[in-house]
Amino acid sequence: MLRGVVNVIKNVDQSKSTEINRRIKIILVDYEDLLQEADYALLAYGYLKVSEYMKAIEFAEEHLGLTEPTIQGVTNKINEILERAKTEQEKAKEEANKAAIAIGED
């Protein structure tokens, strides 16, 4: 569902904006326990893409710990979180590869 939101964001008009808002609310209600910080960052990005700037700022303050309540602040926070998630994912992949190599050597 989260990927669907991101894909819909690419081509935005008013009806799609409404649909994105609806999907974000569904995700927040139904999947809140499963969401990680990077997921919240993508949802904040969704608000930015549909020009819901105040919602994006409020959302980022509530879910991402935004301290600079500006559009640029939201953008910077999103980039910071996604970069950190990417780095963690790469580290986990490297460790998995090392473990696989170690198992193969035994």
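Modeller: In what follows, a salt bridge is counted when a side-chain nitrogen of Lys or Arg lies within 4 Å of a carboxyl oxygen of Asp or Glu. The model is predicted.

Biologist: How far apart are the closest N and O atoms of Glu80 and Lys77?

Modeller: Both residues belong to helix H5 (residues 71-105), where a spacing of three residues separates them by about one helical turn. A helix has 3.6 residues a turn, so residues three or four places apart point the same way. The pair meets the 4 Å limit for a salt bridge, since Glu80 and Lys77 have their closest N and O atoms at a distance of 3.8 Å.

Biologist: Is Lys77 buried or exposed?

Modeller: Its partner Glu80 has a relative accessible area of 40%, which makes that residue partly exposed. For Lys77 the relative accessible area is 18%, and because the cut-off for burial is under 20%, Lys77 counts as buried.

Biologist: Which residues are linked in a network of salt bridges?

Modeller: Glu80 also forms a salt bridge with Arg84, at 3.6 Å from N to O, and these two residues are four apart in helix H5, again about one turn. Arg84 is partly exposed, at 34% relative accessibility. The complete network is made up of Glu37, Lys77, Glu80 and Arg84.

Biologist: With which residue does Glu19 form a salt bridge?

Modeller: The partner lies three residues away from Glu19 in helix H2 (residues 14-30), about one turn of the helix. Glu19 is partly exposed at 23% relative accessibility, and the partner is likewise partly exposed, at 42%. With 2.8 Å between the closest N and O atoms, the residue that pairs with Glu19 is Arg22.

Biologist: Which helix gives the most to the largest nonpolar core?

Modeller: That core has 22 residues, and those with the most contacts inside it are Leu28, Tyr40, Leu43, Phe59, Leu64 and Val74. Two or more residues come from each of H2, helix H3 (37-49), helix H4 (53-63) and H5. Giving seven residues, the helix that contributes the most is H3.

Biologist: Which residues does Leu28 touch, not counting those up to four places away in sequence?

Modeller: Leu28 is among the residues with the most contacts inside the largest nonpolar core. In soluble globular proteins, nonpolar side chains tend to be buried together. Once those sequence neighbours are set aside, Leu28 touches Leu35, Tyr40, Leu43 and Phe59.

Biologist: How far does H3 reach from its first C-alpha to its last?

Modeller: The buried residues of H3 include Ala38, Tyr40, Leu43 and Tyr47, and the helix is followed by Ser51, which has a positive phi near 60 degrees. H3 has 13 residues, for which a span of 18 Å is expected at 1.5 Å a residue, and the reach in the model is close to that, at 19 Å.

Biologist: Which element of the protein chain has the lowest mean pLDDT?

Modeller: The secondary structure comes to five helices and zero strands, and the chain averages a pLDDT of 84, with 85% of the residues scoring at least 70. Where pLDDT is low, the predicted coordinates should not be read in detail. H4 has the highest mean among the elements, 91, whereas the lowest, a mean of 64 over residues 2-9, belongs to helix H1.

Technical notes
Residues are numbered from 1 along each chain as its sequence is written. This is a predicted model: local features need pLDDT of at least 70, side-chain atom pairs count only at pLDDT 80 or more; totals for chains, interfaces and linings use all residues. Side-chain values use heavy atoms; hydrogens and water are left out. Buried means under 20% relative accessible area, exposed over 50%, partly exposed in between (1.4 Å probe, protein chains only). A nonpolar core is a set of buried Ala, Val, Leu, Ile, Met, Phe, Trp, Tyr and Cys residues joined through side-chain atoms within 4.5 Å. Contact means heavy atoms within 4.5 Å. pLDDT is the predictor's confidence in each residue, from 0 to 100. The expected span of a helix is 1.5 Å times one less than its number of residues.
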